Amino acid sequence: HDINYIGYAGVLDQIGTAGGAPAISNLQLGDLLGGTMTALFGVLVALVDARASGKGRLVDVSMTDGVMAHAIFPLTEGLANGRVKPRGEDLLTGEVPCYGVYRTADGRYMAVGALEEKFWHLVCDTLGRPDLKPAHLATGAAGAAARAEVAAIFGARTQAEWVSVFDAVDCCVTPVLT
């Protein structure tokens with residue numbers, strides 16, 4: 001029932017592209033992050049305390065609360081600005097050109113995770129587009145324009161071609177493998 005837990009936690013609403021329906025992951029976020037990791041953490045804390053105090057503990061796990069606690073970016077956005085940006089429009093889901101998934105000429109994808117400026121600059125240099133460096137964390141119209149430029153560049157070659165280009169460059173660009 002993973003989909004139900006991540007739905008209640010608001011995490012499902014954050015997964016996907018702008019304007020589209022929420023994307024369903026085949027990674028069980030609620031079960032693993034909300035249930036298993038939260039339970040394991042509680043059991044380990046209880047064991048440490050039991051060694052010190054000689055008393056047992058009740059470990060109460062809420063999968064919904066546990067998975068919600070891992071939604072760091074939406075939670076901080078809500079606290080800072082009083083609202084969460086819609087899916088596909090925040091830092092990690094499409095707001096900036098330096099972090100995203102770009103389609104290649106053969107219908108495959110490359111993942112660009114160049115949040116740090118030094119990595120983005122290497123990406124731009126490797127793409128032969130140093131003019132895109134100022135768009136690193138660009139948002140709004142400027143971010144969308146830069147993202148479209150990067151998408152067009154990646155769309156001009158196959159994934160294998162891009163892998164051969166980026167394999168020797170440490171700038172957080174990798175293939176999305178099946």
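This is a selection-by-selection tour of a predicted model, starting at the sheet and ending at a single loop residue.

**The sheet**

Select strands E1 (99-103), E2 (109-113) and E3 (173-175). The three make an open sheet in the order E1-E2-E3, with antiparallel pairing. E1 and E3 are the edge strands; each has a single partner, so one side of each lacks a neighbour in the sheet. Ignoring direction, neighbouring strands are turned by 20° against each other on average. Add helix H7 (159-166) to the selection. H7 packs on the sheet and touches E2 and E3, and its direction makes about 35° with that of E2.

**The E1-E2 hairpin**

Now keep E1 and E2 and hide the rest. They pair in the antiparallel sense over five bridges. To find the register, pick Val-101, which stands opposite Ala-111 in E2. The two strands form a hairpin with five residues between them. In that turn, select Gly-107, where phi is positive at about 80°.

Show the side chains of E1 next. Which of them point to the buried face? Gly-100 and Tyr-102 point to one face and are buried. Tyr-99, Val-101 and Arg-103 point to the other face and are not buried.

**The nonpolar cores**

Select Trp-120, Phe-154 and Val-173. Within the largest nonpolar core, which has 22 residues, these three touch the most other members. The elements E2, H5 (117-126), H6 (140-154) and H7 each supply at least two residues of this core. In soluble globular proteins, nonpolar side chains tend to be buried together.

Centre the view on Phe-154 and display its surroundings. What does Phe-154 contact beyond its neighbours within four places in sequence? Its contacts include Tyr-102, Arg-103, Thr-104 and Ala-105. Met-110 and Val-112 are also in contact with Phe-154, as are Leu-127, Trp-162, Phe-166 and Val-173. A second, separate core has seven residues, among them Ile-6, Ala-9, Leu-12 and Ala-71; select those four to locate it.

**The salt-bridge network at Arg-129**

The structure holds six salt bridges. For a linked set, select Arg-129, Asp-131 and Glu-149, which are joined in a network of salt bridges. The distance from N to O is 2.8 Å between Arg-129 and Asp-131, and 2.9 Å between Arg-129 and Glu-149. Arg-129 lies in the loop between H5 and H6 while Glu-149 is in helix H6, so this pair ties together parts that are 20 residues apart in sequence.

Colour the three by accessibility. Arg-129 is partly exposed, with a relative accessible area of 21%. Glu-149 is partly exposed at 35%, and Asp-131 is partly exposed at 49%.

**The loop between H4 and E1**

Move to the loop between helix H4 (72-81) and E1. Select Lys-85 and Glu-95, whose side chains meet in a salt bridge of 2.4 Å, N to O. Lys-85 and Glu-95 both lie in this loop, so the pair ties together parts that are 10 residues apart in sequence. Are they buried or exposed? Glu-95 counts as buried at 19% relative accessibility, and Lys-85 is buried with a relative accessible area of 19%.

Add Asp-90, which is found in the same loop, between H4 and E1. Asp-90 is buried yet has no salt bridge. How far away is the nearest side chain of opposite charge? That side chain is Lys-85, at 7.8 Å. Leaving aside neighbours within four places in sequence, Asp-90 is in contact with Gln-14, Lys-85 and Glu-95.

**Last stop: Cys-172**

Finally, select Cys-172 in the loop between H7 and E3. Cys-172 has a positive phi of about 65° although it is not a glycine. Its relative accessibility is 28%, so Cys-172 counts as partly exposed.

How values were computed
Residues are numbered from 1 along each chain as its sequence is written. This is a predicted model: local features need pLDDT of at least 70, side-chain atom pairs count only at pLDDT 80 or more; totals for chains, interfaces and linings use all residues. Side-chain values use heavy atoms; hydrogens and water are left out. Helices (H or I, at least four residues) and strands (E, at least two) are DSSP runs, numbered from the N terminus. Buried means under 20% relative accessible area, exposed over 50%, partly exposed in between (1.4 Å probe, protein chains only). Lys and Arg count as positive and Asp and Glu as negative; His and the chain ends are not counted. A salt bridge is a side-chain nitrogen of Lys or Arg within 4 Å of a carboxyl oxygen of Asp or Glu. Contact means heavy atoms within 4.5 Å. Two strands pair if DSSP finds at least two bridges between them. A nonpolar core is a set of buried Ala, Val, Leu, Ile, Met, Phe, Trp, Tyr and Cys residues joined through side-chain atoms within 4.5 Å. Axes are lines fitted to C-alpha atoms, for helices over the stretch in contact, and angles run from 0 to 180 degrees between N-to-C directions.
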